[in-house]
Amino acid sequence: MDDLSPNTRALLDAARSFDDPTDADRDRVRAGVMMRIGGVAAVGTAAITAAKSSSAAASAAPMIANALGGTSLFGGMLAKVGIGMVLAGAVASGAYVALRPVHHAPAAVVAVATLPVAAPVAQPLAAPVATSADSEAAAVDPADLPLDDARPSPARSGRAHAADLEGEMKLLRTADAALRRGDSAAALSALNKHAALYPTGVLSQEREGVRAIALCTGGNLSQGQSAAQRFLAQAAKSPLASRIRAACSLAD
Amino acid sequence: MAVVRPTFDQVYQETFAFVWRTVRRLGVNDSAVDDVTQEVFVTVHRRLGEFEGRCAVKTWVFSIVMRVVQNYRRSRRRKGAAQPITSAVVDPEILADTRMDPQEQASRAQAGRILHKLLEELDEEKASVFVLAELEGMTVPAIADAVGANVNTVYSRLRAARKQFELALERLQAEEVNRNG
């Protein structure tokens with residue numbers, strides 16, 4: 001067969017790695033995929049509930065906390081990904097599998113960040129919530145989701161809490177989606193709704209971080225910078241920090 | 001014999017870089033690369049149960065890439081997109097790669113832009129076989145599986161693609177010489 005000239009070969013060699021993805025690309029796309037294939041919202045809620053709830057098994061806390069805050073996904077995607085995706089992605093990569101109901105023999109203990117999503121999972125660490133394959137899972141009230149009959153029912157307060165968190169995540173995702181399409185006003189509207197419904201919600205800190213971004217990108221730099229500084233004073237190491245600094249022109 | 005199916009996570013880890021590169025090389029606009037790649041893996045997730053292990057995972061995934069990219073192209077045509085399919089924007093993260101010296105970065109970015117420009121001149125079938133053979137190092141039989149054509153057809157497309165690519169490169173270089181006088 002006709003071969004390529006040295007000239008063309010040289011070009012292909014020089015360009016070969018031009019299209020390689022970065023780690024951030026890999027993490028960002030994965031987070032997006034996880035959001036779309038569903039189950040994330042409901043299970044994410046369960047993860048957060050378990051991490052925050054005193055009723056969660058004590059042994060669960062370190063693992064879930066790790067899944068929520070310490071995965072490589074968090075490290076890799078912070079600069080580019082919105083809070084909704086950060087939350088969903090982190091949950092999807094770790095807590096998602098950690099909290100799925102057990103239908104298989106327990107697997108060996110594996111680092112949370114490397115667990116395959118579709119793999120059989122270890123023991124349930126909190127009251128299991130059925131996963132949904134529907135990407136509209138965010139619209140489902142977790143309190144209405146069927147529970148695994150083999151497991152004890154969680155306390156009603158836990159379910160109500162889960163419903164609140166579900167609603168919180170939904171509003172923050174709405175705000176993030178608005179920001180990503182450049183609609184700061186819609187983002188602020190969702191954040192205001194969050195503030196009205198969940199003034200001291202689990203994600204209230206993230207809400208204020210996203211608000212700072214929305215204000216700054218929406219042209220209200222003065223208010224945005226004030227909000228950013230308030231946020232950074234309390235959560236300088238937040239996954240949102242670098243994004244906030246970039247949006248509000250603040251030095252590292 | 002039972003099919004040993006990889007998990008979604010295994011497929012993702014194994015093929016993400018390949019999918020990402022291929023989507024870019026097949027002319028998807030920079031701004032749509034995330035969405036198109038996501039769509040590929042959402043489809044992979046949905047159809048993983050159908051994977052029967054009769055070909056390599058990469059080959060199976062490519063067949064999905066092709067369909068998603070074709071849908072993307074059709075959608076763009078319907079919307080009458082006026083801008084070129086690819087842009088020459090270079091990812092700042094690539095330029096900021098501290099492992100490469102600036103000259104090397106510039107050289108790679110320039111070569112990458114030329115590559116995209118030349119690939120745009122190939123039709124979809126030729127571009128696919130050219131990318132898989134010359135940039136991904138896949139064998140012709142594997143490409144035949146991936147694109148759903150017989151081996152002779154793939155050889156024929158590859159031969160034509162190489163010739164067209166070479167001519168386009170020569171033309172581009174001649175234009176450059178003329179511009180620089």
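## Helices H6 and H7 of chain B

H6(B) passes H7(B) in a right-handed crossing (the near helix is turned clockwise from the far one by less than a right angle). This is a predicted model, in which local features need pLDDT of at least 70, side-chain atom pairs count only at pLDDT 80 or more, and totals for chains, interfaces and linings use all residues. Residues are numbered from 1 along each chain as its sequence is written, and chains are lettered from A in the order in which they are written.

H6(B) covers residues 124-135 and H7(B) residues 140-147; they pack at an angle of about 140°, with their axes 10 Å apart. Axes are lines fitted to C-alpha atoms over the stretch in contact, and angles run from 0 to 180 degrees between N-to-C directions. H6(B) and H7(B) are therefore oblique to each other, as the angle is outside the ranges for roughly parallel (under 35 degrees), roughly perpendicular (65 to 115) and roughly antiparallel (over 145).

## The contact in chain B

H6(B) contributes Ser128(B), Val129(B), Leu132(B) and Ala133(B), and H7(B) contributes Val140(B), Ile143(B), Ala146(B) and Val147(B). Residues are in contact if their C-beta atoms, placed from the backbone, lie within 7 Å. Seven of the contact residues are nonpolar, one is polar and none is charged.

## Helices H8 and H9 of chain A

In chain A, the axes of H8(A) (residues 184-197) and H9(A) (residues 204-217) come within 9 Å and cross at roughly 155°. That makes H8(A) roughly antiparallel to H9(A). The contact residues of H8(A) include Leu188(A) and Leu191(A), and those of H9(A) include Arg207(A) and Arg211(A).

Key:
Helices (H or I, at least four residues) and strands (E, at least two) are DSSP runs, numbered from the N terminus. Two residues are in contact if their C-beta atoms, placed from the backbone, lie within 7 Å. Ala, Val, Leu, Ile, Met, Phe, Trp, Tyr, Cys and Pro count as nonpolar, Asp, Glu, Lys and Arg as charged, and the others, Gly among them, as polar.
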